[in-house]
Amino acid sequence: MNLGNLKPAKGSIKNRKRIGRGTGSGRGGTSTRGHKGAQSRSGYSRKIGFEGGQMPLQRRVPKSGFKNPNRVEYVGINLDVLQGLVEKFSLSSVDFDAFKLHGLVSKNDLVKILGRGELTSKIEVKAHAFSATAQKAIEAAGGSVVKL
């Protein structure tokens with residue numbers, strides 16, 4: 001081995017553009033950025049949605065509808081789910097902590113009991129809201145309703 005037949009290790013040489021290394025490299029001068037304008041300058045960053053001065057898509061598309069800023073969102077839990085909980089874990093009362101413990105709601109959710117299914121167990125249900133049918137069904141089964 002001598003200096004005439006030395007070669008770099010396989011994979012150590014990367015075949016990439018070397019920009020801004022003089023006119024002999026073929027990518028000197030403007031360094032592939034073109035002449036003048038914002039994109040040719042260092043430190044340039046384009047705003048999200050910017051389309052080169054053309055009216056951006058999010059401003060061209062018509063807006064419609066109304067988003068109520070005071071909307072209250074509830075997580076609905078039906079009577080059949082409630083009955084399943086009572087049977088599986090033999091509960092006498094169900095409240096927000098029980099729902100959270102069994103993975104039905106998150107800590108910041110509001111709970112509304114809905115009327116799908118049947119309730120046969122006599123239980124006390126504590127929730128933020130109840131539908132009329134759910135409230136009737138719980139009371140018909142001998143249970144009680146408590147609004148949080």
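Are Glu-73 and Arg-71 buried or exposed? In this predicted model, both residues are exposed. The two also form a salt bridge, in which the closest N and O atoms are 3.4 Å apart. This pair is a handy way into the structure, and the overall architecture comes next.

The chain contains four helices and six strands. Read from the N terminus, these elements follow the order α-β-α-β-α-β-β-β-α-β. The radius of gyration of the chain is 34 Å, whereas the globule rule gives 15 Å for 148 residues, so the chain is more spread out than a compact globule. The C-alpha trace spans about 95 × 55 × 20 Å along its principal axes.

Burial and surface can be read alongside these dimensions. Of the 148 residues in the chain, 20% are buried. The chain exposes about 11,700 Å², and 50% of that area is supplied by carbon and sulfur atoms. As for contacts, among those between residues at least 6 apart in sequence, 41% join residues at least 24 apart.

Charge is the next topic. The chain carries 27 positive and 10 negative charges, and the mean positions of the two sets are 31 Å apart. Where charged side chains do meet, the count comes to three salt bridges. One of them is the pair of Glu-73 and Arg-71 described above.

Another salt bridge joins Arg-116 and Asp-80, whose side chains meet at 3.0 Å, N to O. Arg-116 sits in the loop between strand E3 (111-114) and strand E4 (124-127), while Asp-80 belongs to helix H2 (residues 79-89), so the pair ties together parts that are 36 residues apart in sequence. As for solvent accessibility, Arg-116 has a relative accessible area of 49% and is partly exposed. Exposed status requires a value over 50%, so Arg-116, at 49%, counts as partly exposed. Its partner Asp-80 is also partly exposed, at 32% relative accessibility.

Glu-51 and Arg-60 form a salt bridge as well, with their closest N and O atoms 3.2 Å apart. Glu-51 counts as partly exposed at 30% relative accessibility. Arg-60 falls in that class too, with a value of 43%.

Backbone geometry offers some further points for a careful reader. Lys-36 has a phi near 55°, a positive value in a residue other than glycine. Lys-36 is placed in the segment before H1, and at 69% relative accessibility it counts as exposed. Ser-90 likewise has a positive phi, of about 40°, although it is not a glycine. Ser-90 lies in the loop between H2 and strand E2 (93-94). With a relative accessible area of 66%, Ser-90 is exposed.

Several distances along the chain help to put the dimensions in context. Asn-15 is located in the segment before helix H1 (57-60) and is exposed, at 85% relative accessibility. The C-alpha atoms of Asn-15 and Asn-2 are separated by 25 Å, and the two residues are 13 apart along the chain. In helix H2, Lys-88 is exposed with a relative accessible area of 67%. From Lys-88 to Phe-66, the C-alpha to C-alpha distance is 43 Å, for a sequence separation of 22 residues.

Asn-68 gives a further example, from the loop between H1 and strand E1 (75-78). Asn-68 is partly exposed, with a relative accessible area of 42%. Between the C-alpha atoms of Asn-68 and Thr-30 the separation is 52 Å, and these residues are 38 apart along the chain.

Taken together, the prediction describes a chain with a radius of gyration of 34 Å, well over what the globule rule gives. Its buried residues make up 20% of the total, and its charged side chains form three salt bridges.

How values were computed: Residues numbered from 1 in each chain as written. Predicted model: local features only at pLDDT ≥ 70, side-chain atom pairs only at ≥ 80, totals over all residues. Heavy atoms only, no water. Helix = DSSP H or I, 4+ residues; strand = E, 2+ residues; numbered from the N terminus. Rg over C-alpha atoms; globule rule 2.2 N^0.38 Å. Buried < 20%, exposed > 50% of the residue type's maximum accessible area, 1.4 Å probe, protein only. Contact = heavy atoms within 4.5 Å. Areas by Shrake-Rupley, 256 points an atom, 1.4 Å probe, with all protein chains shown as cover. Lys, Arg positive; Asp, Glu negative; His and termini not counted. Charge placed at Lys NZ, Arg CZ, Asp CG, Glu CD. Salt bridge = Lys/Arg side-chain N within 4 Å of Asp/Glu carboxyl O.
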